[in-house]
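Grab a pencil and have a go at these short exercises. Try each task yourself before you read the worked solution.

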Amino acid sequence: MSCYYTSVRKYLPMMGSTVTATRQENRPLVLLGGAVMATRQENRPPVLLREAIQGSDNIVFFGGAGVSTESGIPDFRSADGVYNMKYKYPPETIVSHSFFMQNTSEFYRFYREKMLHPDAMPNKAHLALAELERQGKLKAVVTQNVDGLHHKAGSVNVLELHGSRSRYYCMSCGAKYPIDVVIEAEDVPLCKCGGTIRPDVVLFEESLDQHVLEESVRYISNAEVLIVGGTSLNVYPAAGLIQYYKGDMLILINKTETPFDSKARIVLHESIGETLHSALHGNTG
Ligand SMILES: [Zn+2]
C-alpha cells in the first residue's frame with residue numbers, strides 16, 4: 001500500500017539505506033524447490049530454522065498476505081481478477097478513503113464479496129505462531145493482514161498494522177460493532193444514532209495507527225530472531241520495518257525471492273504454514 005507513508009516515514013528513517021557489510025559473513029542457505037544446497041544434514045535450512053526457534057525465547061514474526069492466502073484468502077488486489085472484472089474501479093481505488101466517503105454502498109459491495117471471508121479459518125502458520133507464543137518463545141506477531149486469523153488461532157499479542165476486519169465503529173458517535181453488523185446489513189451498515197459504520201481497517205490514503213507502528217518497531221528492533229513470512233518485502237511499510245531489526249538471525253519464508261534474501265541467515269522458498277508446522281513438530285526432511 002503506497003499511500004500512507006507520509007506518517008510512516010517519520011518512523012522509518014533507514015528506508016533505502018543498506019544493511020551493514022558484516023552480514024556477508026553469514027551467507028544464506030537457500031532451499032529452492034526442494035533442492036538442498038548444503039551437503040551436511042545439520043546445515044539444511046529446515047533444521048537450522050528448527051534450531052533457531054528452539055534456541056530463542058525472543059522471537060518476533062512479521063507476516064504478509066502469503067500467510068492469509070493459505071487460508072483461502074486471496075490478496076484483495078488480485079481478488080477481482082484481471083479478465084473477469086465485476087467492478088468499475090481497481091481494488092486499490094475502491095479500498096481508499098475518498099472512495100469510501102463518496103461511494104460507501106459500492107465500497108461495501110466489494111468489501112463483502114472480496115474482503116470479508118467470514119468462514120476463513122486459521123492455517124498451520126497461524127496455529128504454529130500461537131503455539132510459540134504460549135510456549136513463551138514468540139513475543140509478538142506483526143501483520144499486514146486484516147483478517148483477524150491470528151487472534152482466531154489463539155495469538156494474544158498481535159500488532160495489526162492495517163487494522164482488522166473484525167472490528168467496526170460508527171463514524172459519528174464512535175460506537176463499536178462486531179463483524180455481524182456488516183454481515184446482517186444489506187447495504188451500508190448504520191449505527192443506532194444514524195451514523196455510517198466503517199471497518200476499523202486502514203484504507204488507502206489513511207495513516208497507520210502510530211501506536212501500533214511504534215510497538216511494531218519496538219518488538220522488531222529488540223527481537224533476537226526475526227521470522228518474516230508470506231511477504232515479498234517489495235512495499236513499505238514492510239521493507240522499512242524489517243530494517244529496524246538489529247540481530248543476526250533474520251529468517252525469510254516466502255514462496256518467491258525477496259530483496260532481503262541475501263541479508264538473511266536462513267531463506268526458505270516454501271509454504272509458510274508447512275514450514276512453521278514442520279519446524280515445531282518435526283518432518284523437516
Ligand atoms: Zn453512532
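Here are three exercises on this predicted model, each with its solution.

**Exercise 1: the overall picture**

Task: Find how many helices and strands the protein has, and what share of its residues count as buried.

Solution: Start by counting elements: you should get 12 helices and 10 strands. Next, go through the 285 residues; 40% of them count as buried. Finally, look at contacts between residues at least 6 apart in sequence: 67% of these join residues at least 24 apart.

**Exercise 2: helix 7**

Task: Work out why helix 7 is described as largely enclosed by the rest of the structure.

Solution: First, locate helix 7 at residues 124–134. Then check each residue against the cut-off: buried needs 20 or more other C-beta atoms within 10 Å of its own. The ones that pass are K124, A125, H126, L127, A128, L129, A130, L132 and E133. That's nine of the 11 residues, so the helix is largely enclosed. Now ask what they pack against: the list includes strand 2 (59–63), strand 3 (138–143) and helix 12 (272–281). Last, step past the end of the helix to G136, where phi is positive, near 80°.

**Exercise 3: a three-stranded sheet**

Task: Sort out the strand order and the edges of the open sheet of three strands.

Solution: Trace the strands across the sheet and you get the order 6-5-7, with antiparallel pairing. Strand 6 (176–178) and strand 7 (197–201) are the edges, each pairing on one side only. On average, neighbouring strands here are turned by 40° against each other, ignoring direction. Now zoom in on strand 5 (residues 163–170): three bridges join it to strand 6. For one bridge pair, take Y169, whose partner in strand 6 is K176.

How values were computed: Residues numbered from 1 in each chain as written. Predicted model: local features only at pLDDT ≥ 70, side-chain atom pairs only at ≥ 80, totals over all residues. Buried ≥ 20, exposed ≤ 12 C-beta atoms within 10 Å, placed from the backbone. Helix = DSSP H or I, 4+ residues; strand = E, 2+ residues; numbered from the N terminus. Contact = placed C-beta atoms within 7 Å. Pairing = 2+ DSSP bridges. Axes fitted to C-alpha atoms, helices over the stretch in contact; angles between N-to-C directions.
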